[in-house]
Amino acid sequence: MPVHVVRLGGNNINQPKIIHSLTSILKKIENNHILVVSASENIQHILVSGLELLCISSQTYSELLEKLCEEAALVAKLNQIPELPVFEQSLIPLERLLQGIQYTGDYSLALRDQVLSYAEIITTALLHDILGHAGQTAQLLLPQEIGLIVTDEYGSASILKAQSVENIQNRRWERLSLIPGSYGITQAGKIARIGERAADYTAAALGSILDVAELELWEISKSFKTADDELIADASYIENLTYAEASELAYFHHSSIHPRIVEPLIEQHIPIRVFELQNGKKVLKTTINSSLGEQRQTIKSVAHSDDIAILKLNGPGVGFKPGILSIVTTAFAKHQINIRSVITAQTSINIIIGKQDVIKAEKISRQLDLRSVNQIEFVSNISLIAIVGHGMQTNHGISAQLFSAVAKHEINVLLSGSGASDLVSYLIVDEQDKQKAINEIHKIFFKR
């Protein structure tokens, strides 16, 4: 019997209307379905912040567990469930892990991954309880139980498809299986996370291994639209995207999918279909394919990110001085600081990083021997705005339209970039100009 692989957003356990539609849909399914579940953001936040507090003795393991129980009680109340047996069972091994961390006051990267995997496990356990209360039978399977093998790069592991195929293809799947996403098991038998918001990467790998006709995403937190609908109220859904366009938008956190979702699907050209659950039905919103197909419009979306800062290494001739960039990038990689982009000029090297890395990056930069650099500064109150779509280099008027939109309204562009890819051009503006810039750019490309 064919197997359908679905990635379900974990935040939906707090949405009774969506849960009602979900249970209605599941009652009607005929083929076997695998639901790969992402973490509830509330549960993940409790675990991430609680783990840090536990190590500095600002919170006990029992207080952390109490917060998880309070969140679960809220989920139960919203969904009118009297008891949560699967959730309660999921806390038992987590409690032992947290006790050990509180006792030692420290943890390894591997242990951190093991604890944080419970964000997905607990969310999936709560969903199991919700479905059980609605009369829906399901099996809860952990990635280590199905043999999803990953590399031992803790926090950013990759799925090893060849090593996982036999385990997963030979399993006898039941009508409905629930699997926590975002992590797997190393060949040494340890838990390793494949990243945050990575349940769809898990789902894509399973879909590839099982050679599904398509991968379905149900109720992702942020749909693919022509702009963030929190900023542009009348932003419309994007009907079709390529793998590359979807990955680019995910990189900008424009949609709540992982940028690596397409990796396992490329070779088999497996399409991705994004659905919203409404009134007991699934409604198709976006289809993501490997090919361009018929292009009605070059620009698909105006994306943005506030999570950036610029490290400026200033000095006469720094752009031509060999070795400066290599020293910085090597040091940043050692301390797990991700470099988003680099723009150089003769008197300045501009390195774009995440806001959360500013303090650490500044400390590291000032300790390095950077000859020719006489000033190190950071710019943080900025926003990155990008237009995304294939054809940037072949449609020569697009860049002119982009810059005329901001120039006409006296929006100062701090940095700009294009040409590295045929599907994205971006500019960086002061954070206070973000709303106005996005409004004007969106008007030019989508309101003709």
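Two strands count as paired if DSSP finds at least two bridges between them. Keep that in mind as you click through this predicted model.

**Stop 1: the hairpin**

Select residues 272-278, strand E9, together with strand E10. These two pair in the antiparallel sense over seven bridges. For one rung of that ladder, pick Arg273: its bridge partner in E10 is Thr287. Now follow the chain through the turn, where two residues sit between E9 and E10 in a hairpin. Asn279 is in that turn, and its phi is positive, about 50°.

While you're here, show side chains for Phe275 and Lys282. The charged end of Lys282 sits over the Phe275 ring, 4.9 Å from the ring centre.

**Stop 2: the other partner of E10**

Add residues 240-242, which make up strand E8. Which way does E8 run relative to E10, parallel or antiparallel? The two run parallel, joined by three bridges, with E10 covering residues 281-289. Try Thr242 as a handle: Asn289 is its bridge partner in E10.

**Stop 3: the four-stranded sheet**

Next, bring up E13, E14, E12 and E15, which is their order across an open sheet with antiparallel pairing. Strand E13 (339-345) and strand E15 (375-379) are the edges, each pairing on one side only. Look along the sheet and you can follow a twist that averages 15° from one strand to the next.

Inside the sheet, zoom in on E12 (residues 309-314) and E14 (residues 348-353), antiparallel strands joined by six bridges. Label Ile310 in this region and you'll find Ile352 of E14 opposite. As you turn on side chains, remember that in a regular strand they alternate between the two faces of the sheet.

Now add helix H11, residues 358-367. What does H11 lie across? The helix crosses E12, E14 and E15, and runs at about 175° to E15.

**Stop 4: rings and charges**

Jump to Arg171 and Trp173 for another charge over a ring. Here the charged end of Arg171 is 5.9 Å from the centre of the Trp173 ring. If you go hunting for aromatic pairs with a 6.5 Å limit between ring centres, the count comes to zero.

**Stop 5: cysteines**

Finally, select Cys55 and Cys69. Why is Cys55 classed as buried? Its relative accessibility is 19%, and buried means under 20%. Cys69, at 36% relative accessible area, is partly exposed because its value falls between 20% and 50%. Don't expect to draw any S–S bonds, though: a search of the whole structure finds zero disulfides.

How values were computed: Residues are numbered from 1 along each chain as its sequence is written. This is a predicted model: local features need pLDDT of at least 70, side-chain atom pairs count only at pLDDT 80 or more; totals for chains, interfaces and linings use all residues. Side-chain values use heavy atoms; hydrogens and water are left out. Axes are lines fitted to C-alpha atoms, for helices over the stretch in contact, and angles run from 0 to 180 degrees between N-to-C directions. Contact means heavy atoms within 4.5 Å. Rings of Phe, Tyr and Trp (its six-membered ring) pair if their centres lie within 6.5 Å; planes under 30 degrees apart count as stacked, over 60 as edge-to-face and the rest as tilted. A charge sits over a ring if NZ of Lys or CZ of Arg is within 6 Å of the ring centre and within 35 degrees of the ring normal. A disulfide is a pair of cysteine sulfur atoms within 2.5 Å. Buried means under 20% relative accessible area, exposed over 50%, partly exposed in between (1.4 Å probe, protein chains only).
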